[in-house]
Amino acid sequence: GFWTCGEGGIPVNPGFIHILGMGWTGRARGYGRDVSGGPVTGPKDVTPRKKSPTIHIVLFLATFLTTTAAGAMQQGINPLIDPAGLLKGLSFSVTLMIILLGHEMGHYFTSRVHRVDATLPYFIPAPSLVGTFGAVIKMRGAIWDRRTLLDIGASGPIVGFVLALPALAIGFYLSTVVPAGAESGAISLGD
């Protein structure tokens with residue numbers, strides 16, 4: 001857990017107090033003195049701040065729109081000329097957004113499990129080949145040990161990988177093999 005120091009209740013790492021020789025007497029009892037001479041009190045839960053999710057929803061929807069447009073353009077459709085053609089980009093967009101959302105929510109929920117204050121994902125729309133620059137979460141809480149850092153850092157890629165495997169299998173199943181140079185409206189990789 002977290003410990004608080006002094007009158008302000010600033011969260012600190014008990015090991016840090018011990019290293020500095022400030023009189024910390026043990027995790028179980030949790031008392032001693034901090035730098036200012038104030039008492040060090042016991043574990044404190046750091047609860048996430050409550051904020052409106054409006055910006056997160058707006059960015060998610062904007063990213064969904066740009067990835068849908070990117071998917072339609074990969075099918076040879078210009079969404080500015082044929083807005084109804086955006087529907088052809090949905091399979092690309094939904095797949096990408098599920099993997100990206102799963103990745104970020106893996107980080108977010110693991111942060112919550114470890115009581116590290118983190119925001120919901122901020123999706124970043126972009127007029128690019130895939131329609132997004134990805135997403136980020138902002139971690140406002142402190143990470144006091146390597147295990148917590150590893151858990152939070154690894155959870156996103158693991159969830160994303162687990163979601164990408166069925167998408168890959170479905171993509172292979174629905175794909176058709178065509179001779180080189182015969183494709184139209186497709187992305188050609190290699191020779």
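**Entry 1: the hairpin**

I started at the hairpin of strand 4 and strand 5, where six residues sit between the strands and Gly 131 has a positive phi near 85°. I'm working on a predicted model, so I keep that in mind throughout. The two strands, residues 122–125 and 132–136, run antiparallel and are joined by four bridges. I looked up one of the partners: Ile 124 bridges to Gly 134 in strand 5.

**Entry 2: the whole chain**

I stepped back for the overall layout. I count four helices and five strands in the protein chain. Reading from the N terminus, I get the order β-β-α-β-α-α-β-β-α. The chain has 191 residues, and 30% of them count as buried. I also checked how far along the sequence the contacts reach: among those with a separation of 6 or more, 57% are between residues 24 or more positions apart. For the surface I have about 12200 Å² accessible, with 67% of that belonging to carbon and sulfur atoms.

**Entry 3: helix 2**

Next I went to helix 2, which covers residues 54–74. I get 21 residues and a reach of 30 Å from first C-alpha to last, close to the 30 Å expected at 1.5 Å a residue. Which of its residues are buried? I noted His 56, Thr 63, Thr 67, Thr 68, Ala 69, Ala 70, Gly 71 and Ala 72. Their cover includes helix 3, strand 4 and strand 5. Just after the helix I found Gly 76 with a positive phi of about 85°.

**Entry 4: His 56 and Leu 59**

I picked two residues of helix 2 for a closer look. His 56 has a relative accessible area of 11%, so I put it down as buried, the cut-off being under 20%. What does His 56 touch beyond its neighbours within four places in sequence? I find Thr 119, Leu 120, Pro 121 and Tyr 122. With Leu 120 there is also a polar contact: a polar atom of the His 56 side chain lies 3.4 Å from the backbone oxygen of Leu 120.

Leu 59 is in helix 2 too. Leaving out residues up to four places away in sequence, I see Leu 59 touching Tyr 122, Phe 123 and Pro 125. Leu 59 and Tyr 122 are 63 residues apart along the chain, yet I get 6.6 Å between their C-alpha atoms. Tyr 122 turns up in the contacts of His 56 and in those of Leu 59.

**Entry 5: aromatic pairs**

I searched the whole structure for aromatic pairs and came away with two. In one of them, the ring centres of Phe 60 and Phe 123 are 5.1 Å apart and the planes are at 75°, so I call the pair edge-to-face. This pair links distant parts of the chain, with Phe 60 in helix 2 and Phe 123 in strand 4, 63 residues apart. Are these two rings buried or exposed? I have Phe 60 as partly exposed at 25% relative accessibility, and Phe 123 as buried at 3%.

The other pair is Tyr 108 with Phe 109: I get 5.4 Å between the centres and 65° between the planes, so this one is edge-to-face as well. Tyr 108 is buried, at 9% relative accessibility. Phe 109 is partly exposed, with a relative accessible area of 48%.

**Entry 6: helix 3 and what follows**

I then turned to helix 3, residues 90–113. The helix has 24 residues and reaches 33 Å from its first C-alpha to its last, close to the 34 Å expected at 1.5 Å a residue. Its buried residues include Ser 93, Met 97, Leu 100, Gly 102, Glu 104, Met 105, Gly 106 and His 107. Further along, I also listed Tyr 108, Thr 110 and Ser 111 as buried. What do the buried residues of helix 3 pack against? I have helix 2, strand 4, strand 5 and helix 4, the last being residues 146–174.

Last stop: Arg 115, in the loop between helix 3 and strand 4. I noted its phi near 55°, which is positive in a residue other than glycine. With a relative accessible area of 37%, Arg 115 goes down as partly exposed.

Definitions and conventions:
Residues numbered from 1 in each chain as written. Predicted model: local features only at pLDDT ≥ 70, side-chain atom pairs only at ≥ 80, totals over all residues. Heavy atoms only, no water. Buried < 20%, exposed > 50% of the residue type's maximum accessible area, 1.4 Å probe, protein only. Polar contact = N/O pair within 3.5 Å; in protein donor to acceptor, adjacent residues only side chain to side chain. Contact = heavy atoms within 4.5 Å. Pairing = 2+ DSSP bridges. Expected span 1.5 Å × (residues − 1). Areas by Shrake-Rupley, 256 points an atom, 1.4 Å probe, with all protein chains shown as cover. Phe/Tyr/Trp six-rings, centres within 6.5 Å; stacked < 30°, edge-to-face > 60°.
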